[in-house]
Amino acid sequence: MQRRFDVCIAGAGVAGLTTAYLLAKRGYEVCLIERTEHAREASRYNAGLIVPSMAVTELYKIELKKALEWLLNPSSPIKVKPAILLKELKWILHFMRMHGIKREEGLEALRKLGELSMNTLERIISVENIECKFMRKGVMEVYVNENSLHATYEEAENIIPKEYFTLVSESEIPYFLRNVAGGILYLKDACLSPDLFLDGLSNTLAEMNQVTILNKNEVTSIMPVNSTLKTAGGAEIRYRNLVIAAGPWSRGLLSGLGTKLKVLPAKGYCILLHKPDCSIEIPLMLEEYGIGVNPCNAPIIRITGFFELSGFDKSIPRERLELIMRRVSYHIPVLAGAEVLEQASGLRPCVSRRIPVISQHAKFRNIYIITGHCRLGMTLSSGSAELVSRMIAGEELPFDISLFSLPQ
Ligand SMILES: Cc1cc2nc3c(=O)[nH]c(=O)nc-3n(C[C@H](O)[C@H](O)[C@H](O)COP(=O)(O)OP(=O)(O)OC[C@H]3O[C@@H](n4cnc5c(N)ncnc54)[C@H](O)[C@@H]3O)c2cc1C
């Protein structure tokens, strides 16, 4: 006889794992179904910056001139494969304009989601005693160009409470940084080691009786009429509720339900360096290059960077990694020549409106979707998971979430 679970979750990235945990804690029997193994995609190879304050400065329109500059410059942090540019031009234009989202409303929704996320994440780490090097001493956005620094600071002044951030002038910049104009320190933001956090969370789940984890089991089809799904291994599993948390692959699963949601993968690179006696005390975002530097698990220093629309291609061109390392070495000379432990890429799940999808399916009411966190999935997934868990449990939601609904 087919087994029936209270909740099946397709995808064990940060969104799926956190949802599984929060539902299991509420007493639900949960089955987590993962195509490969837990947290092997973007959720492992990100910068590990937990930046709700930066989330609210994310929503800005990208001017055409700027986009063209990026496209024409081979050293740009942003790249779009010509075939993708042609095929997805409408999506890209929508992404630049945050299509369908009013900025003020989007900022408010992200602010609330960011706050819920930080609270949920801190609670999980402390209740389960997950040793993931969580450090909440702020994150510094560093600028090479003074005008960009001041423009962002003015922007932040309009959006974020004063006590959340402070300007760091050139003379106050930490000594390990070189050739920069200054920065903005987001005082309440944090960092962690994503692999340690997600491995710790998976271990916690593995010890919970009501959780079943099926690794190497891709969900291949969903039959919503009889609440059953099939996996590549031929298993048929019945669910009372289903959560689709399959990152950029969510699009394929949703199209099988007759729902169009363009989630495009945006590739980024991750380099793990080994640097004993590391003097970098604070996580950094070299903003103009899209490069993150996370020292919280020192002597392992996590460097990430770039945003490339090249489909599901996960290749790691040597020249792109060299470019990241040249920039890092120029601005943080102590990292020049450090031993490289691992190089990888991850695919961010991006939607054109730049606000994640946290939603009940309009037609199949026992199906829920969490995707589209793009550059902020580590930061925002805990809040998204908490919202979906509350929806499934029929609990009151802490704020209006209509903006996160699946676009019609
Ligand atoms: C270089 C880089 C740096 C980043 N830095 C940060 C940062 O500092 N802070 C931050 O907040 N965010 C950051 N992000 C973004 C963040 O990593 C992502 O938004 C987040 O990991 C997305 O998580 P997810 O669970 O939605 O997707 P994923 O991690 O992609 O997980 C989806 C899972 O679903 C599985 N799956 C897919 N299809 C199926 C199927 N049919 N059946 C079963 N399983 C399936 C996949 O194998 C995968 O394991 C960064 C991303 C990158 C690439």
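Student: How do the residues of the shell around the ligand divide into nonpolar, polar and charged?
Tutor: Happy to start there, with the note that this is a predicted model, where local features need pLDDT of at least 70, side-chain atom pairs count only at pLDDT 80 or more, and totals for chains, interfaces and linings use all residues. Residues are numbered from 1 along each chain as its sequence is written. Ala, Val, Leu, Ile, Met, Phe, Trp, Tyr, Cys and Pro count as nonpolar, Asp, Glu, Lys and Arg as charged, and the others, Gly among them, as polar. On that scheme, the shell around the ligand has 20 nonpolar, 17 polar and seven charged residues.

Student: Which residues come nearest to the ligand?
Tutor: A residue is near a molecule if its C-beta atom, placed from the backbone, lies within 6 Å of it. There are 44 residues around the ligand, and the nearest are Gly11, Gly13, Gly247, Gly268 and Gly377.

Student: Which element gives the most to the shell around the ligand?
Tutor: Helices (H or I, at least four residues) and strands (E, at least two) are DSSP runs, numbered from the N terminus. At least two shell residues come from each of α1 (14-25), β13 (264-274), β17 (339-350) and α11 (377-393). With four residues, the element that gives the most is α11.

Student: Where does the shell around the ligand lie with respect to the domains?
Tutor: The domain bounds come from an automatic or database domain assignment. Domain 1 covers 4-45 + 197-262 + 354-404, and domain 2 covers 58-100 + 126-190 + 263-350. Both give residues to the shell, so its place is between domain 1 and domain 2.

Student: How many residues does domain 1 give to the contact with domain 2?
Tutor: The domain centres, taken over C-alpha atoms, are 27 Å apart. Two residues are in contact if their C-beta atoms, placed from the backbone, lie within 7 Å. Domain 2 gives 21 residues to the contact, and domain 1 gives 21 residues.

Student: Which helix gives the most to the side of domain 1 that touches domain 2?
Tutor: Both α8 (194-206) and α9 (250-255) supply at least two residues of that side of domain 1. With four residues, the helix that gives the most is α8.

Student: Why does the radius of gyration of the protein agree with a compact globule?
Tutor: The radius is taken over C-alpha atoms, and the globule rule is 2.2 Å times the number of residues to the power 0.38. For 408 residues a compact globule would come near 22 Å, which agrees with the protein's own 21 Å.
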